[in-house]
Amino acid sequence: MSSVVISDTEYRLLRDLIRERFGINYDDGKQFLLQSRLQTRLIKTRTADFMAYYRYLLSDLQRDAEWDELASVLSNNETYFFRERSQLDVLAQEVVSEALQGAGPLRIWSAACSTGEEPYSVAMTLLDGHRIAPAAARIKAGDLSPRAVEKCAAGFYRELSFRATPPEVIGRYFKPFEGGFFITDEVKRMVEFSRINLLDERTYAAVGPQDVVFCRNVLIYFDKATQKRVVESFARVLRPGGFLFLGHAESIIRLTGLYEPFVTAKAVYYRRRDDAHH
Ligand SMILES: C[S@@+](CC[C@H](N)C(=O)[O-])C[C@H]1O[C@@H](n2cnc3c(N)ncnc32)[C@H](O)[C@@H]1O
């Protein structure tokens with residue numbers, strides 16, 4: 001079974017199906033990568049070859065459960081606490097100052113949160129500034145991968161997640177346990193997790209209006225048309241002037257006019273234009 005090879009036709013069919021559903025884009029050089037990722041699913045589903053697996057995804061009664069499994073297998077969950085910290089500094093300084101002038105809680109969405117390090121870093125940043133009480137912030141976080149979302153909820157992390165975390169922050173917000181650390185309940189309570197798909201329009205209705213969206217290191221997996229579609233969907237949930245943070249390798253300047261880019265010495269971020277029509 002493990003020696004089944006994906007043909008060019010099977011590769012194109014499966015790649016297109018996956019891109020349509022999840023946005024994750026496998027280009028021409030990624031045939032072997034997709035083959036090895038799907039191989040485990042062929043074994044688990046007792047499917048003879050990739051064409052049969054393609055049909056399974058389209059029409060088997062268990063297909064929804066299989067798509068969930070696939071979401072976990074196909075996603076790259078690389079992340080760590082306080083990644084691109086300069087953007088969190090912008091959050092602590094500029095966004096919080098503005099929010100304090102407004103009414104209501106500060107609404108932040110971590111749109112592809114992987115195993116939770118990003119939204120928990122946002123929560124710790126707000127707590128550390130001591131300017132926002134936990135109840136004055138609503139942090140939502142979601143990811144495509146069911147396995148990643150389970151890890152968010154468990155709140156248990158090992159060494160690699162802490163590669164950019166100052167020791168005093170670990171001391172303040174984590175409790176050691178059997179070779180790793182649990183995040184404290186104080187931080188955990190600030191974040192609400194869910195399973196989402198950024199390509200599913202219902203996601204945006206469910207998440208509701210936001211002041212800030214983090215969508216970092218996700219667009220790199222999408223083609224340009226999907227990147228545009230997703231950032232335009234963010235503009236529908238962001239209030240005018242709302243902040244969008246992307247990964248440092250992701251630029252949307254040539255993709256859409258809905259955002260004004262801000263390039264400072266420390267960080268790059270975007271703000272939804274007042275007149276953004278969508
Ligand atoms: C490399 S991680 C980035 C995590 C975090 N934002 C960061 O910058 O450290 C990329 C995440 O995007 C998620 N993802 C990929 N396609 C998605 C989609 N269509 N909807 C929601 N999340 C998606 C993956 O499951 C994965 O956890």
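**Exercise 1. Identify the element that gives the most to the lining of the largest cavity, and describe that cavity.**

Step 1. The element is α6, which gives 3 residues to the lining of the largest cavity; helices are DSSP runs (H or I, at least four residues), numbered from the N terminus. The model is predicted, with local features needing pLDDT of at least 70 and side-chain atom pairs counting only at pLDDT 80 or more, while totals for chains, interfaces and linings use all residues. Residues are numbered from 1 along each chain as its sequence is written, and side-chain values use heavy atoms, with hydrogens and water left out.

Step 2. The structure holds 1 cavity of 30 Å³ or more, a cavity being a set of points, on a 1 Å grid over the protein atoms alone, where a 1.4 Å probe fits but cannot get out, and lining residues being those with an atom within 4 Å of a point. The largest cavity has about 40 Å³ of space, a volume being the space filled by probe spheres set on the grid points.

Step 3. Its lining is made of Ala-92, Val-96, Thr-125, Leu-126, Gly-129, Arg-131 and Ile-132, and the elements that give two or more residues to it are α5 (85-101) and α6 (117-129).

**Exercise 2. Locate the ligand and describe the pocket around it.**

Step 1. The ligand sits in the largest pocket, in the sense that more than half of its atoms lie within 2 Å of the pocket's grid points; a pocket is an open set with protein on both sides within 12 Å along at least five of seven lines.

Step 2. About 600 Å³ of space lies in this pocket, and of the 32 residues that line the pocket, Ser-75, Asn-76, Asn-217, Val-218 and Tyr-221 are the closest to its centre.

**Exercise 3. List the residues that come nearest to the ligand, and then its polar contacts.**

Step 1. Among the 22 residues around the ligand, those that come nearest are Phe-22, Thr-79, Arg-83, Asp-143 and Asn-217, where a residue is near if one of its heavy atoms lies within 4 Å.

Step 2. For polar contacts (pairs of N or O atoms within 3.5 Å), an N or O atom in the side chain of Asn-77 is 2.8 Å from an oxygen atom of the ligand. A nitrogen atom of the ligand lies 2.9 Å from a backbone N or O atom of Ala-112, and a polar backbone atom of Arg-216 is 2.9 Å from a nitrogen atom of the ligand.

Step 3. The protein covers 99% of the 600 Å² of accessible area that the ligand has on its own, as computed by the Shrake-Rupley method with a 1.4 Å probe.

Key: Polar contact = N/O pair within 3.5 Å; in protein donor to acceptor, adjacent residues only side chain to side chain.
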